[in-house]
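Hi,

Here is the structure I promised to pass on. Have a look at it first, and then read my notes below.

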Amino acid sequence: MKNTGFVKTLCAVSMAVFISCAGSNSSTNQAPPLPDQVVGEVNGEQVTYTELKESYMSGSITEGFSYEELYDFLPIYLDYKAKILSAQEAGYFENEKVIEEYELYSKQAAYSFWLENQIRPTMFNEFKERYDAELKSSHVLIAVDPQANPRDTLDAYNKLVTARTKFLAGTATMADLDKEYSTMRGDRSMGGELPWFSVGTTVREFEEVLYSLELGEISQPFRTQFGYHIVLLEQRRAKQPSRDVSHIFTRKGDNQANIDSALIALENGTEWNEVVKSYSEDTPSISTGGKIGWINYGGRYDAAFIDSVMHLDVDADYSKPIETVYGFHIMRVDSVEQFESEEERNKWLMTKLEQSPTFKKNNSFVIDWIRDKYDQGAVASALSEFEGFVNSLDSARYENIILPSSISASEIYRFEESNYTAQNYLTYLINTNKGTYSEQYRSDWLSDYTESIIDGKLTEITIRDYPEFIKQTDSYKTGLVVYQINEDSVWSSATLDTTILMNKYEDNLDQYSYNTRYHYHMVTSSRDTSLQKAIDFVNEGNSPDSIRANGIAVGVVSDSTGAFQGEPFDKLESMEVNTFSDVFEYSNRKGVFYLNAILPARTMTFDEAFNRLVSDYQPEREENWMMRLRDKYDIKSYPENLQKSYQLENNVE
């Protein structure tokens, strides 16, 4: 019974959704027939042909519709409107369970709405504009752990302020600053000169800063997941189209002679693929004619290697041998990136955007985007005072901290014209168990705090600013209440008069009986030896229920309901009691049945038949309920007006 709940929910909710979405379909752009015919009434409220048509079309996967389809839909739609009225009168729209599920849906729907309707289009336009340019830059990076304490964070920031000042004064180059300030990993700097790259190559924070700079401009210190940076935009140029490349490759060492031999073979007319098979040492690409795929600036290869590829003569059959950090190559440009239409290019760019590090399909990404675009940010001075006070405490428990009045009421964050104080922030830290003692404070907790604020206001601002979202959430709530009233009125056994079921049971005993059933144990294992151990154990006089308890590594299930049909369960029909079946395959394991008993056919008790009785009575129960609603709300249908309107709109007789 309850397994049908998901299907029923979909039916109820989808009805509400497609009613609300009318107007998004192209058919709604057509002028309605005049006069607009009334095709039905519910509780005195008229339902017009246009309303019916739009409701049907918004839930249809096709663009057209026939008169017969509308004719069949009319009574369904009128009944649906009657259910809504009944739910309103019964208070279902104020039902706590409905409201709770509605709020959960609205929150996640708001995230999806922002991603699909605001963030994706905005980012795509920005991505498309930036895609046509490649940038060359240098940066200084001081690694800072995301969980670093405020002292370390401030220290890194101040060092980069000093470094930037030196550059602007002309007393140090970026190379000098990189050597002096950048964090070293092993024997390599984490900063320094960067290769040419375009949009979608690096993390969003870095990309946003770099694309905002003018040529020769150096940024203020900014933070990414790697730490704090300053970056200098050195050059900008038009993007070079990607190239689809194949190569013949030999490693460095004594192998230059091999690449020269490969060149001679090509010049003597040997087919490219044959030369690849004979000479190339790039094993993965040999079977595909040496293909290494699309290459462009900002790709995963060494910058000098990419530069070599991008300077190849695209009209040449193949290049001369080229030495790179990987070895020696003879390269061939198979194709240069181009698009047959702007639509094709846009589709490709959207794919690139969604694959880029700057785009993610999760709630935190949406929060970050909204925070970047709409909030007024943290108040640095107030935050600094708060963090300074907390860090000055030796080892105080957060719940015992009493902020000085000068700090407590200070505004620490602003969003959507709302102000949040240092005391609000401290309360958040206490309630979320961010840490027990003041010495555990981390500066990145402010980001978590602001995320919680935006998350709490997201549904509110989405409903406020976007009427189409209101329609979407309202229709979902309507679907929920229709589902709930259906559940209570038609499906729930708790609201059912069991006397009716008892009478149906007693009048139809022959329909509620068990056929011959088999009480069995099924033993399964992936190993023949384990299966045989189980068989031997039972044949020695032990109960199948004790197999697992004796450490035999097999699966054991027992059943006597007769619910399972077909292979391999049909084997039970030919077995004798207290014997094993032959071995069979079941769910990628080997198995056997042990037949305990053959149970004779018998009539079910009322309790055993109860779920089946509820299911059998459901259509009658639903029809009785709908008859009461149709009578109560005086449902009227005017199919003749429906036919007239359809004929008028479609110019048919």
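**Notes on the model**

Helix α20 (residues 528-539) lies across β17 (517-525) and β20, and runs at about 20° to β20. Please keep in mind that this is a predicted model.

The two strands under that helix belong to an open sheet of four strands, in the order β18-β17-β20-β19, with antiparallel pairing. At the edges stand β18 (555-559) and β19 (584-586); each has a single partner strand, so one side of each is left without a neighbour in the sheet. From one strand to the next, the twist averages 35°.

The partner of β19 is β20 (residues 589-599), and the two pair in the antiparallel sense over three bridges. If you would like a residue pair to look at there, Phe584 has Gly591 in β20 as its bridge partner.

Elsewhere, I came across a nonpolar patch on the surface, formed by Leu154, Tyr157 and Val161. Together these residues have about 240 Å² of accessible area. Val161 sits in helix α5 (residues 150-169), and its relative accessible area of 32% makes Val161 partly exposed.

One more residue for you to find is Glu274, which is in helix α9 (residues 272-279). Glu274 also counts as partly exposed, because its relative accessibility is 41%, which falls between the limits of 20% for buried and 50% for exposed. If you want to get a feel for distances in the model, try Glu274 and Ile367: they are 93 residues apart in sequence, and their C-alpha atoms are 55 Å apart in space.

Enjoy exploring, and best wishes

Note on methods:
Residues are numbered from 1 along each chain as its sequence is written. This is a predicted model: local features need pLDDT of at least 70, side-chain atom pairs count only at pLDDT 80 or more; totals for chains, interfaces and linings use all residues. Side-chain values use heavy atoms; hydrogens and water are left out. Buried means under 20% relative accessible area, exposed over 50%, partly exposed in between (1.4 Å probe, protein chains only). Two strands pair if DSSP finds at least two bridges between them. Axes are lines fitted to C-alpha atoms, for helices over the stretch in contact, and angles run from 0 to 180 degrees between N-to-C directions. Contact means heavy atoms within 4.5 Å. Patches are made of residues with over 30% relative accessible area and no salt bridge: like charges are joined within 9 Å, nonpolar side chains (Val, Leu, Ile, Met, Phe, Trp, Tyr) within 5 Å. Accessible areas come from the Shrake-Rupley method with a 1.4 Å probe; for residues, only the protein chains shown count as cover. A salt bridge is a side-chain nitrogen of Lys or Arg within 4 Å of a carboxyl oxygen of Asp or Glu.
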